[in-house]
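Reader: I have a structure open in front of me, and I would like to learn how to read it. Could you walk me through a few features, one at a time?

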Amino acid sequence: MMNVKPIRTNSDLEAALHRISQLLDAREGTPEFDELEVISILVEDFENRKYEISEVSPQRILKFLMEQNNLNQKDLIPYIGSKTGVSEVINEKRPISLKAAIKLSKRFKVSIDVFVDEKIYA
């Protein structure tokens, strides 16, 4: 019998995750599978509300990559174009240009999407 209730606390979440682990082998079309599906939806909803992930700007991602690779602003001049340009990008005074985004994506071996601000180029 399905005993499903809202997930409001971390304790509720732990209980739901425990129940999910018990139901993982449920066959489609069974009441257990239906319970698994409902509890999974409730867990996803709770986690989306409680652990909202905020958007990170391309400039902040660039700063993080610089730190991880022990780079300073001068090291980015070949990718962005000038000392002033690098400073403006790092300090979020201007966006990363598409040309710079292409170069940076190759340099750091990440998708160009990391450096493209969708609000500007949409």
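**Charges, surfaces and turns**

Author: With 28% relative accessibility, Arg19 counts as partly exposed. Keep in mind as we go that this is a predicted model.

Reader: Which numbers make a residue buried, exposed or partly exposed?

Author: Under 20% relative accessible area is buried, over 50% is exposed, and partly exposed lies in between. Glu35 has a relative accessible area of 5%, so this residue is buried.

Reader: What does Glu35 form with Arg19?

Author: Let us start with the general idea. Side chains of opposite charge can pair when their charged atoms come close. Here, Glu35 and Arg19 form a salt bridge, and their closest N and O atoms are 2.9 Å apart. Glu35 belongs to helix 2 and Arg19 to helix 1 (residues 10-23), so the pair ties together parts that are 16 residues apart in sequence.

Reader: How many salt bridges does a search of the whole structure find?

Author: The search finds three. One of them joins Asp45 to Arg49, with 2.9 Å between the closest N and O atoms. Asp45 and Arg49 are separated by about one helical turn, because they are four residues apart in helix 2. Asp45 is partly exposed at 39% relative accessibility, while Arg49 is exposed, with a relative accessible area of 52%.

Reader: And which residue forms a salt bridge with Glu88?

Author: That partner is Arg94, and the closest N and O atoms of the pair are 3.6 Å apart. Glu88 counts as partly exposed at 31% relative accessibility. Arg94 also counts as partly exposed, at 33% relative accessibility.

Reader: Now for charges without a salt bridge. Which residues form a negative surface patch?

Author: Look for Glu28, Glu32, Asp34 and Glu37, which form that patch. To join such a patch, a residue needs over 30% relative accessible area and no salt bridge. Take Asp34 as an example: this residue sits in helix 2 (residues 31-50), and its relative accessibility of 37% makes it partly exposed.

Reader: Where is Pro31, and is it buried or exposed?

Author: Pro31 is in helix 2 too, and counts as exposed at 59% relative accessibility. Try finding Gly85 as well: Pro31 and Gly85 are 54 residues apart in sequence, and their C-alpha atoms are 61 Å apart in space.

Reader: What does Gln59 touch, not counting residues up to four places away in sequence?

Author: Its contacts are Val89, Glu92, Arg94, Pro95 and Ile96. Gln59 lies in helix 3 (residues 58-68) and counts as buried, at 7% relative accessibility. You have already met one name on that contact list, since Arg94 forms a salt bridge with Glu88.

Reader: Glu92 is on the list too. What is the sign of its phi?

Author: The general idea comes before the case again. Most residues other than glycine have a negative phi. Glu92 is not a glycine, yet its phi is positive, at about 60 degrees. You will find Glu92 in the loop between helix 5 (83-90) and helix 6 (98-108). With a relative accessible area of 40%, Glu92 is partly exposed.

Reader: Where is Asn70, and what is its phi?

Author: Asn70 is in the loop between helix 3 and helix 4 (77-80). Although not a glycine, Asn70 has a positive phi of about 50 degrees. Asn70 is exposed, because its relative accessible area is 70%.

Technical notes
Residues numbered from 1 in each chain as written. Predicted model: local features only at pLDDT ≥ 70, side-chain atom pairs only at ≥ 80, totals over all residues. Heavy atoms only, no water. Patch = residues over 30% accessible without salt bridge, like charges linked within 9 Å, V, L, I, M, F, W, Y side chains within 5 Å. Areas by Shrake-Rupley, 256 points an atom, 1.4 Å probe, with all protein chains shown as cover. Salt bridge = Lys/Arg side-chain N within 4 Å of Asp/Glu carboxyl O. Lys, Arg positive; Asp, Glu negative; His and termini not counted. Charge placed at Lys NZ, Arg CZ, Asp CG, Glu CD. Helix = DSSP H or I, 4+ residues; strand = E, 2+ residues; numbered from the N terminus. Buried < 20%, exposed > 50% of the residue type's maximum accessible area, 1.4 Å probe, protein only. Contact = heavy atoms within 4.5 Å.
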